Amino acid sequence: MTEPTKTATLSFDGKTFDLPMFTPTAGPEVIDIRKLYGQAGVFTYDPGFTSTAACDSTITYIDGDEGILLHRGYPIDQLAAKSHYLEVCYLLLYGELPTATQLEDFETRVTHHTMVHEQMHNFFRGFRRDAHPMATMVGVVGAMSAFYADSADVNDPWQREVASIRLVAKLPTIAAMAYKYSIGQPFVYPRNDLDYAANFLHMCFSVPAEKYEVDPILARAMDRILTLHADHEQNASTSTVRLASSSGANPFASIAAGIACLWGPAHGGANQACLEMLREIGTVDRIPEFIARAKDKNDPFRLMGFGHRVYKNTDPRAKVLKNSADEVLELLGVQDNPLLQVAKELEHVALNDPYFIEKKLFPNVDFYSGIILEAMGFPTSMFTPIFALSRTVGWISQWKEMIADPQMKIGRPRQLYLGATARDYVDVENR
Ligand code: SDX
């Protein structure tokens, strides 16, 4: 932990309190309020944590005003163009880009953990066929602690490492199984001769009845989508994983909590909601109607895929995905996909509308990802599971960082209480 660099002074009711401040390597300075309640008998108040740093971290940095995203200092657009998902996983987990030998060893370890315990197949069969794949993933990932109890002790560094590799390796298999189960097709085992993204496509789209060759263009597009969703600082699902595991809960249970949080349409569920919105808009001429609804305070409708708690500029991941959408759809011969036309016109209209300009609402990572995933053959119900399998490495990296921090404490926020003060019980006949 860094040392304080200056002091903030808080004064109220004729009293003054000095609070240490820390200077980051990048981003806003922070005021350390850990001793505030003990010194001043007051809490700070920040529902939604809009101005609260819940931890210190060295993994991912976001500059929302400039639209910058760095993983261990490397810009996301460079990683998307020059790296690949498993190399980014290594970077997030261990802090540096791997040497060729380190990368080969890491890829070999992940590849040889992609199968799941055969009994887990039965676990899927307890779900209704029409269960949303996210419901299945929450359940099955949570159940991993029952199958992999030998890597559930968070106090054992070796078990933490094994759990990390198992989760990165098995999430694609579980996501593919959730998909196959939802469409009534047999599970497809992973193949060690395929790379990570190709293996996932193979487990999703191959069937025993015929040979399936993974299209390298789709594999590259899939890998890029996974790279772009890998980690994103202290977002809601990452904060959920940190809070869940701060109690000492095993990593599988904590990651299941992260998947549950990601499912919400305000977070990772936005990619599914965004594509459903584009489909509901249908044609470019209906865009003004939906823009008006998004601006109407009496209408709960929001433009899915727009806006962000941190980015007040275009999400750099959306820029990469927009180019990727053009490339993938053209290569697939569906460049005139009406949804892509609607998306591009919607983006143009919104970015020139005073409401969106004033509120700094730009396309986020979920705006274009769904268009690419649909063009690749995935149903909308699989968009958030793909986000979850990609983000697992980010959740695990943040979890490892927190567990290894000697300052780690169980997360336990306080409240501004506005309820009834103490009063005596009233018997029912007297109410
Ligand atoms: C992800 O945190 C992360 O890093 C998340 C993520 C990651 O990688 O982990 O980046 C992934 O979750 C991306 C976000 C995906 N969600 C969506 O696309 C859903 C649509 N977006 C919104 O629901 C909203 O923008 C949020 C939830 C993303 C952010 O909301 P905030 O920061 O709480 O902002 P807010 O709701 O207070 O909105 C500020 C103003 C409001 O108007 P006023 O009350 O000030 O008048 O902007 C308006 C909102 O009504 N607004 C929108 C809008 N988003 C915000 N109006 C229309 N359409 C929108 N999409």
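**View 1. Cys261 is partly exposed, with a relative accessible area of 25%.** Partly exposed lies between buried (under 20%) and exposed (over 50%), with a 1.4 Å probe and protein chains only. This is a predicted model: local features need pLDDT of at least 70 and side-chain atom pairs pLDDT 80 or more, while totals for chains, interfaces and linings use all residues. Residues are numbered from 1 along each chain as its sequence is written, and side-chain values use heavy atoms, without hydrogens or water. Why does Cys261 form no bond with Cys55? Their sulfurs are 15 Å apart, too far for a bond, and Cys55 holds the closest cysteine sulfur to that of Cys261.

**View 2. Cys89 is buried and is in no disulfide.** How many disulfides does a search of the whole structure find? The count is 0, where a disulfide is two cysteine sulfurs within 2.5 Å. For Cys89, the nearest cysteine sulfur belongs to Cys204, 17 Å away. The relative accessible area of Cys89 is 0%.

**View 3. Strands E1, E2 and E3 make an open sheet.** Strands are DSSP runs (E, at least two residues; helices are H or I, at least four), numbered from the N terminus. The order is E1-E2-E3, and the pairing is antiparallel. Pairing takes at least two DSSP bridges. Which strands sit at the edges? They are E1 (6-12) and E3 (30-31), and each pairs on one side only. E1 joins E2 (residues 15-22) over 7 bridges, in the antiparallel sense. Look for Leu10: its bridge partner in E2 is Phe17.

**View 4. E4, E5 and E6 form another open sheet, with antiparallel pairing.** The strand order is E4-E5-E6. E4 and E6 (74-75) are the edge strands, each paired on one side only. E4 (residues 60-63) and E5 (residues 68-71) run antiparallel and share 4 bridges. Ile62 has Leu69 of E5 as its bridge partner. These two strands form a hairpin, with 4 residues between them. In the turn, Gly67 has a positive phi of about 65°. On the other side, 2 bridges pair E5 with E6, again antiparallel. Here the bridge partner of His71 is Tyr74, in E6.

**View 5. Phe49 and Arg72 have positive phi, although neither is a glycine.** Phe49 has a phi of about 55°. Where is Phe49? It lies in the loop between helix H1 (36-40) and E4. Phe49 counts as exposed, at 57% relative accessibility. Arg72 has a phi of about 50°. The place of Arg72 is the loop between E5 and E6.

**View 6. The ligand is surrounded by 24 residues.** Each has a heavy atom within 4 Å of the ligand. The closest are His232, His308, Arg309, Arg317 and Arg391. Which side-chain distances can you trace? An N or O atom in the side chain of His267 is 2.9 Å from a ligand oxygen. Asn364 also places a side-chain N or O atom 2.9 Å from an oxygen of the ligand. Tyr355 has a polar side-chain atom 3.5 Å from a nitrogen atom of the ligand. The ligand on its own has 1,100 Å² of accessible area (Shrake-Rupley method, 1.4 Å probe), and the protein covers 77% of that area.

**View 7. The chain is assigned three domains.** The bounds come from an automatic or database assignment. Domain 1 is 6-53, domain 2 is 73-267 + 387-404, and domain 3 is 269-376. The centres of domain 1 and domain 2, taken over C-alpha atoms, are 37 Å apart.

Note on methods:
Polar contact = N/O pair within 3.5 Å; in protein donor to acceptor, adjacent residues only side chain to side chain.
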